[in-house]
Amino acid sequence: MDPTEERRHSKRQNDYTNMLGFVTDSEYGIPRRCPCGGRIIDEVRGKDDYDTLPGKRFFTCKNYEADGFHYRQPWVIGVQEEIERLTKRVEEAEQVMMGVSNLSKQIETLEEQVKILSGQVDYLTVQVADLEKVCFE
């Protein structure tokens with residue numbers, strides 16, 4: 001085989017392998033777009049198809065071909081992953097809300113301490129004024 005042709009073939013194979021990796025790495029949750037740029041449709045298998053599960057649903061690329069470059073993900077898996085992702089976000093939001101309530105309690109405590117310290121500063125200011133009168137008169 002010609003070395004130039006062999007190099008081209010090797011590059012094509014590397015590109016193919018990389019693209020397969022990109023597609024598998026990006027399949028998480030409900031896909032928005034296919035890596036080929038095609039839109040995702042909600043496909044429902046009909047009873048005419050020879051399938052053990054007629055009515056099974058998929059997220060499928062509009063340009064789907066069984067070459068590994070396009071999405072065809074079972075609907076249940078996509079929805080399950082999306083629910084897991086959303087559950088994680090809700091748990092994180094819950095932790096933030098709990099932190100906010102703790103911070104509001106700390107703010108109230110600090111405001112009370114500021115009032116007490118302001119009163120003490122006012123009292124000390126009056127005492128200093130009285131001492132200045134006594135010492136300098």
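Two strands count as paired if DSSP finds at least two bridges between them. With that in hand, take Val44: its bridge partner in E2 is Arg57. The model is predicted.

That bridge belongs to a wider pairing. E1 and E2 run antiparallel, and 5 bridges join them. On to the next pair. Strand E2 covers residues 57–61 and is joined to E3 by 3 bridges, again with antiparallel direction. Two residues mark this second seam. Thr60 has Arg72 as its bridge partner in E3. Phe58 stands opposite Pro74, also in E3.

Put the pairs together and a sheet appears. The sheet is open, has 3 strands, and follows the order E1-E2-E3 with antiparallel pairing. Its edge strands are E1 (40–44) and E3 (72–74), each of which pairs on one side only. From one strand to the next, the twist averages 25°.

Now add the helix. Helix H2, residues 75–136, packs on the sheet. The helix touches E1, E2 and E3. Its direction makes about 75° with that of E3.

How many of the 5 residues of E2 are buried? The count is 4, so E2 is largely enclosed by the rest of the structure. Buried here means under 20% relative accessible area. Keep the neighbours of E2 in view as well: E1 is joined to E2 by 5 bridges, and E3 by 3. Helix H2 also touches E2.

One general point helps when reading side chains. In a regular strand, they alternate between the two faces of the sheet.

Conventions:
Residues are numbered from 1 along each chain as its sequence is written. This is a predicted model: local features need pLDDT of at least 70, side-chain atom pairs count only at pLDDT 80 or more; totals for chains, interfaces and linings use all residues. Side-chain values use heavy atoms; hydrogens and water are left out. Helices (H or I, at least four residues) and strands (E, at least two) are DSSP runs, numbered from the N terminus. Axes are lines fitted to C-alpha atoms, for helices over the stretch in contact, and angles run from 0 to 180 degrees between N-to-C directions. Contact means heavy atoms within 4.5 Å. Buried means under 20% relative accessible area, exposed over 50%, partly exposed in between (1.4 Å probe, protein chains only).
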